[in-house]
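Student: I'd like to go through a structure with you and ask how the labels on it are earned. Can we take it one label at a time?

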Amino acid sequence: MTPEDHANAANDLLGAEASGDQIGLLTRRFPDMGMDDAYAVQNAIYRAKLAQGRSVVGWKIGLTSKAMQYALNIDIPDSGILFDDMVFEDGATVPAGRFIQPRIEAEIAFVMKSAIGGADVTRDDVLAATDYVAPSIEILDTRIVRVDPETGQTRTVFDTISDNAANAGVVLGRARHEVDAFDLRWVGAITSRNGAVEETGLGAGVLNDPVESVVWLARRMAQYGQSIAPGQIILSGSFIRPVECPSGAEIHADFGPFGSVDIAFA
């Protein structure tokens with residue numbers, strides 16, 4: 001893909017977000033696109049949103065579980081950008097029409113107190129830079145069709161990364177914990193929709209330890225000249241499958257002693 005291709009794809013995705021009308025698969029339009037192309041499209045979206053007056057409040061890490069990596073035939077996670085208009089209060093209701101096909105995932109969020117970055121970031125560096133951890137819900141959306149209606153071709157990781165890693169929103173629970181207060185590998189969630197349990201999982205599903213997920217993010221960002229800033233939220237990755245959230249869905253993620261998070265969709 002050329003820089004012009006990257007910019008055009010980003011504009012198409014921004015248009016889809018604004019209109020609610022999904023675009024076709026980028027991997028069908030650009031069969032030879034690769035990982036660097038996908039992040040270049042995401043970066044073009046980043047620049048456009050900053051020009052619109054948005055600010056970055058954090059980062060999300062996706063595809064951290066083996067199940068999702070096997071499903072997409074990849075062996076590494078991906079990442080996306082959290083903007084200020086993506087933050088929802090615990091217990092809030094998402095307005096009707098805000099998203100196209102919303103889904104949610106339960107995750108452990110890290111909120112940073114100091115900057116961190118570089119190719120040699122370690123687990124101890126992440127622990128030292130973390131202000132607190134909290135239960136969270138990530139809201140996913142897709143501005144790209146999941147399946148091409150003509151060919152049956154499904155989205156690949158390159159489509160997803162281009163689409164800001166399917167990122168759409170974040171909800172932090174009210175509980176706040178020191179990063180070493182819990183063994184995060186054993187922090188889990190029972191996630192319910194309208195009172196029925198849909199998914200359960202443990203933090204160990206995230207690269208065996210959510211802290212290692214943040215290490216991966218810091219090292220990946222260094223490859224693109226980026227770093228994590230103080231105060232930013234890091235969604236370390238989901239340990240459940242995405243839960244569909246049609247109109248009327250009420251989501252409750254119960255993390256036990258770690259806390260809980262709620263979000264509803266009008």
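**Why the labels fit**

Tutor: Let's start with helix H1, in what is a predicted model. Its buried residues are His6, Ala9, Ala10, Leu13, Leu14 and Ala16.

Student: How do you know which side of H1 they are on?

Tutor: Those buried residues cover an arc of only 155° around the axis, so they sit on the same side of H1. On the other side, Glu4 and Ala18 are exposed.

Student: And what covers the buried residues of H1?

Tutor: The cover includes helix H2 (26–29), helix H3 (35–51) and helix H6 (157–162).

Student: What span should H1 have, and what do its end C-alpha atoms say?

Tutor: H1 has 17 residues, 3–19, and at 1.5 Å a residue it should span 24 Å. The end C-alpha atoms are 24 Å apart, which agrees. Right after H1 comes Gly20, with a positive phi near 85°.

Student: On to the rings. Why is the pair of Phe182 and Phe258 called edge-to-face?

Tutor: A search of the whole structure finds five aromatic pairs. In the one formed by Phe182 and Phe258, the centres are 5.2 Å apart and the planes are at 85°. The cut-offs are centres within 6.5 Å and planes over 60 degrees apart, so this pair is edge-to-face.

Student: What makes this pair a tie between parts of the chain?

Tutor: Phe182 is in the loop between strands S7 (167–172) and S8 (188–193), while Phe258 is in the loop between strands S12 (250–254) and S13 (260–265). The parts they tie together are therefore 76 residues apart in sequence.

Student: Are Phe182 and Phe258 buried, partly exposed or exposed?

Tutor: Phe182 has a relative accessible area of 28%, and partly exposed runs between 20% and 50%, so Phe182 is partly exposed. Phe258 is at 1%; buried means under 20%, so Phe258 counts as buried.

Student: Why is the pair of Phe255 and Phe258 called tilted?

Tutor: The centres of Phe255 and Phe258 are 6.1 Å apart and their planes are at 40°. Stacked needs under 30 degrees and edge-to-face over 60, so the pair is tilted. Phe182, Phe239, Phe255 and Phe258 form one aromatic cluster.

Student: How do you know that Lys49 sits over the ring of Phe83?

Tutor: The charged end of Lys49 is 5.5 Å from the ring centre of Phe83, and the distance cut-off is 6 Å. Arg220 lies over the face of Tyr39 too, at 4.4 Å from the ring centre.

Methods:
Residues are numbered from 1 along each chain as its sequence is written. This is a predicted model: local features need pLDDT of at least 70, side-chain atom pairs count only at pLDDT 80 or more; totals for chains, interfaces and linings use all residues. Side-chain values use heavy atoms; hydrogens and water are left out. Rings of Phe, Tyr and Trp (its six-membered ring) pair if their centres lie within 6.5 Å; planes under 30 degrees apart count as stacked, over 60 as edge-to-face and the rest as tilted. Helices (H or I, at least four residues) and strands (E, at least two) are DSSP runs, numbered from the N terminus. Buried means under 20% relative accessible area, exposed over 50%, partly exposed in between (1.4 Å probe, protein chains only). A charge sits over a ring if NZ of Lys or CZ of Arg is within 6 Å of the ring centre and within 35 degrees of the ring normal. The expected span of a helix is 1.5 Å times one less than its number of residues. The arc is that of the directions from the helix axis to the C-beta atoms. Contact means heavy atoms within 4.5 Å.
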